[in-house]
Amino acid sequence: MGSTNVLVSSPGKQPLFSFGEISDVQYADIPDGHSFIGVPRYYQQSIRVLHRAVKKWNNHQNLNFVINFGDIVDGKCPPDQSLDIVKKVNDEFQKFKGPVFHLIGNHCLYNLPRDKLLPLLKIPGLNGHAYYDFSPGPEYRVVVLDGYGISAIGWPRGHPKTLQALEFQEKKKVIVCFHLPLDLCASSQEALLWNFDEYHRSFEAACPPDTDAFRHIDVYDNRLLL
């Protein structure tokens, strides 16, 4: 599933805090297929991966929180099912016996507008934005960024943030609504939080049946332990 640098904690030293992490569940109640760019997708399998993740996190018993890096629903989910599918996946997250924090991804916004998505995921955004912060322990604060604060998706048509994104896109001739894959998202977030980039872990884009892609991380004062 990838490789990682080996980070070893001091013998017997307890972590300051620990948390579970998952990204791109991308569930849809449709037959297996391929993404828009041809990557294999196992749509119905993904919620079973999440179920196993939550079960393992609960069995750990010492995780302070779980964070989801976005895209809990797939862009190919039928529009008339979007709300129920997001609720179903969110209900699975809520089986974790502790706080769950969400980021939003492009697939989330393909399915639901912000005014429906953020309350459902209990994202305490301000004026429709999805950035916020929380403290998992003394002297530590996690800052969650909104990667689609200025975007052509998620905001109502004609909204200033939509118009700003479209203007930028037209000037630069680029697409501005891509969601970072897990390897980039995780490494960039961790580099921002811990101010070093020694740690890097990459996952495949999809989980074939009977495989998993989730983790928990122990946080020490000078390192992260996968």
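Strands E8 and E9 form a hairpin, with four residues between them. That is a handy place to start looking at this predicted model, in which local features need pLDDT of at least 70 and side-chain atom pairs count only at pLDDT 80 or more, while totals for chains, interfaces and linings use all residues. Residues are numbered from 1 along each chain as its sequence is written, and side-chain values use heavy atoms, with hydrogens and water left out. The names of helices (H or I, at least four residues) and strands (E, at least two) follow DSSP runs, numbered from the N terminus.

**The sheet**

The hairpin belongs to an open sheet of five strands, ordered E5-E4-E1-E8-E9, with mixed pairing. Strand E5 (100-102) and strand E9 (224-225) stand at the edges with a single partner strand each, so one side of each has no neighbour in the sheet. Two strands count as paired if DSSP finds at least two bridges between them. As background, strands of a sheet pair through backbone hydrogen bonds, either parallel or antiparallel.

Walk through the pairs one at a time. Strand E1 (residues 17-22) runs parallel to strand E4 (residues 65-68), and four bridges join them. Here glutamate 21 has isoleucine 67 of E4 as its bridge partner. E1 also pairs with E8, this time in the antiparallel sense and over five bridges. In that pair, phenylalanine 19 is matched with isoleucine 217 of E8. E8 and E9 run antiparallel too, joined by two bridges, and aspartate 218 stands opposite leucine 225 in E9.

How much of E8 is covered? Four of its five residues are buried, so to speak of it as mostly covered is fair; buried means under 20% relative accessible area, exposed means over 50%, and partly exposed lies in between (1.4 Å probe, protein chains only).

**Helices across the sheet**

Two helices lie across these strands. Helix H1 (residues 45-60) lies across E1, E4 and strand E8 (215-219), and runs at about 175° to E1. Helix H2 (residues 82-93) lies across E1, E4 and E5, at about 140° to E5. For these angles, axes are lines fitted to C-alpha atoms, for helices over the stretch in contact, and the angles run from 0 to 180 degrees between N-to-C directions. Contact means heavy atoms within 4.5 Å.

**Salt bridges**

Side chains of opposite charge can pair when their charged atoms come close. A salt bridge is counted when a side-chain nitrogen of Lys or Arg is within 4 Å of a carboxyl oxygen of Asp or Glu. A search of the whole structure finds seven salt bridges, including those in the table.

| Basic residue | Acidic residue | N to O distance |
|---|---|---|
| Arginine 215 | Glutamate 21 | 2.2 Å |
| Arginine 52 | Aspartate 212 | 2.8 Å |
| Arginine 141 | Aspartate 133 | 2.6 Å |

Which parts of the chain does the salt bridge of glutamate 21 and arginine 215 link? Glutamate 21 is in strand E1 and arginine 215 in strand E8, 194 residues apart. Both glutamate 21 and arginine 215 are buried.

Arginine 52 lies in helix H1 and aspartate 212 in the loop between helix H6 (182-194) and E8, so this pair ties together parts that are 160 residues apart in sequence. Arginine 52 is partly exposed, with a relative accessible area of 29%, and aspartate 212 is partly exposed at 33%. In the remaining row of the table, arginine 141 counts as exposed at 53% relative accessibility, whereas aspartate 133 is partly exposed at 41%.

**A surface patch and a buried serine**

Phe36, Ile37 and Tyr110 make a nonpolar surface patch of about 390 Å². Patches are made of residues with over 30% relative accessible area and no salt bridge; like charges are joined within 9 Å, and nonpolar side chains (Val, Leu, Ile, Met, Phe, Trp, Tyr) within 5 Å. Tyrosine 110 lies in helix H3 (residues 106-111) and is partly exposed at 40% relative accessibility.

Serine 35 lies in the loop between strand E2 (33-34) and strand E3 (40-41). Is serine 35 buried or exposed? At 15% relative accessibility, serine 35 counts as buried. Neighbours within four places in sequence aside, serine 35 is in contact with Arg41, Tyr43 and Lys76.

**The whole chain**

The protein chain has six helices and nine strands, and 46% of its 226 residues are buried. Its accessible surface comes to about 12,300 Å², of which 54% belongs to carbon and sulfur atoms; such areas come from the Shrake-Rupley method with a 1.4 Å probe, and for residues only the protein chains shown count as cover.
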